[in-house]
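Me: Please take a close look at the interior of this protein and describe in one connected account how its parts are arranged there. I should like the account to follow the chain elements and to name the residues concerned.

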Amino acid sequence: MNVIVLVKQVPDTKNITGEAMTPEGTVNRAALPAVFNPDDLYALEAALLIKDAIAGTRVNVITMGPPAAAAVLKECLYRGADFTALVSDRGFAGADTLATSYALKCAINKIGDYDIVLCGRQAIDGDTAQVGPQTAEKLGINQITCVSKIEALDPNKKEITAIRSIEGGWEKVRAKLPVLITFTEEGETPRLPSAIKALAYKRAAPVSTGTGSPNDPFAEETQAANPMALWDIQAINADPLQCGLSGSPTKVKHINSVVLTAADIRYIDPGEAGVTELIHDLIADHTFG
């Protein structure tokens, strides 16, 4: 089996500040600490479980982002991924979901033959849940979204069965390979990084492989020495006009900086007199009655 996992380094939305957005309406990533997108960790774990169960499975990981995004690729290598690729180019900057899914489609096609593409349901910076489905549409393959578990996988029949979450319950979906699956945080708990692999890959860094062959971007003799490739627009044979801001029809018209301030606080005595006074006040301002 050949499995591809799409991951993303995202700003930590738990630490939002007034500098989180640029005047152009894009995320100011330098103003926020970066983390591994949570849903993507569940997709990676699903890929590693397939590798554990089916001999010969290869797990390839792709991320698109600035050079610092290589940190999440190292995390993937520490957990058991076989190969990683950083899709990075100034021409990708400012991409919306349409331009992002196009670039990812090109990167997936560079890898060549694949059986399954896995990714998180959504990224916490955009919360659109659009990139996975859009990538599947551009690849022209089946897709199953909001999956919590892969129930069965038959490499011979080229068929997969997954459990997906829906409002008020779940449903079982069967699809033919190749397929793209998006995972939620209901998936299997992501494994911890391996200390042995961390030592082995601690010096790993993205290395440009040039344009190379789109069908064999990492030959056997190359991958051992270079488990982390660096691909630009040319390397993935992408059209620059469909990448970054030029390929993004979504435009931010205006940004308002909203500052939340604490409201006035009134202490209410917990005794009978205090509660009685509060009830009278609520009746007087028509909150009650």
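Reply: Lysine 110 is placed over the face of tryptophan 231, 5.1 Å from the centre of the ring. This is read from a predicted model, and aromatic pairs number zero in the structure.

For the interior itself, the overall setting comes first. The protein has seven helices and twelve strands, and 42% of its 289 residues count as buried. Of the contacts between residues at least 6 apart in sequence, 70% join residues at least 24 apart.

Strand β1 (2-7) is a suitable starting point. Six of its six residues are buried. In a regular strand, side chains alternate between the two faces of the sheet. In β1 both faces are covered: Asn2, Ile4 and Leu6 lie on one side, Val3, Val5 and Val7 on the other, and all are buried. β1 pairs with β4 in the parallel sense over six bridges, and in this pairing arginine 58 of β4 is the bridge partner of asparagine 2. With β6, β1 also pairs in the parallel sense, over four bridges; here valine 117 of β6 stands opposite isoleucine 4.

β4 in turn leads to β5. These two strands run parallel and are joined by five bridges, with phenylalanine 83 in β5 as the bridge partner of asparagine 60. Strand β5 (residues 83-87) is mostly covered, five of its five residues being buried. Both of its faces are covered: Phe83, Ala85 and Val87 are buried on one side, Thr84 and Leu86 on the other.

The nonpolar side chains may now be considered as a group. In soluble globular proteins, such side chains tend to be buried together. The largest nonpolar core here contains 38 residues, and Val5, Val61, Ile116, Leu118, Ile181 and Phe183 have the most contacts inside it. At least two residues of this core come from each of β1, α1, β4, α2 (70-79), β6 (116-120), β7 (142-154), β8 (159-166) and β10. The greatest contribution is that of α1, with eight residues. A second, separate core has 29 residues, including Ile62, Tyr102, Leu180 and Ala238.

Leucine 118 shows how several elements come together in the largest core. Apart from its neighbours within four places in sequence, leucine 118 contacts Val3, Ile4, Val5 and Leu6, together with Ala43, Ala46, Ala47, Ile181 and Phe183. Of these, Ala43, Ala46 and Ala47 are among the buried residues of α1, as are Leu41, Leu44, Leu48 and Ile50. Helix α1 (residues 38-53) has end C-alpha atoms 24 Å apart, which agrees with the 22 Å that its 16 residues should span at 1.5 Å a residue.

The buried residues of α1 also include Asp39 and Tyr42, and these two link the helix to threonine 184. That residue is in the loop between β10 (179-183) and α5 (195-201), yet it counts as buried because its relative accessibility is 9%, whereas the limit for burial is under 20%. Not counting residues up to four places away in sequence, threonine 184 touches Asp39, Tyr42, Arg121, Cys146, Val147 and Ser148. The contact with arginine 121 joins residues that are 63 apart along the chain, and their C-alpha atoms are separated by 5.5 Å.

Technical notes: Residues are numbered from 1 along each chain as its sequence is written. This is a predicted model: local features need pLDDT of at least 70, side-chain atom pairs count only at pLDDT 80 or more; totals for chains, interfaces and linings use all residues. Side-chain values use heavy atoms; hydrogens and water are left out. Rings of Phe, Tyr and Trp (its six-membered ring) pair if their centres lie within 6.5 Å; planes under 30 degrees apart count as stacked, over 60 as edge-to-face and the rest as tilted. A charge sits over a ring if NZ of Lys or CZ of Arg is within 6 Å of the ring centre and within 35 degrees of the ring normal. Buried means under 20% relative accessible area, exposed over 50%, partly exposed in between (1.4 Å probe, protein chains only). Contact means heavy atoms within 4.5 Å. The expected span of a helix is 1.5 Å times one less than its number of residues. A nonpolar core is a set of buried Ala, Val, Leu, Ile, Met, Phe, Trp, Tyr and Cys residues joined through side-chain atoms within 4.5 Å. Two strands pair if DSSP finds at least two bridges between them.
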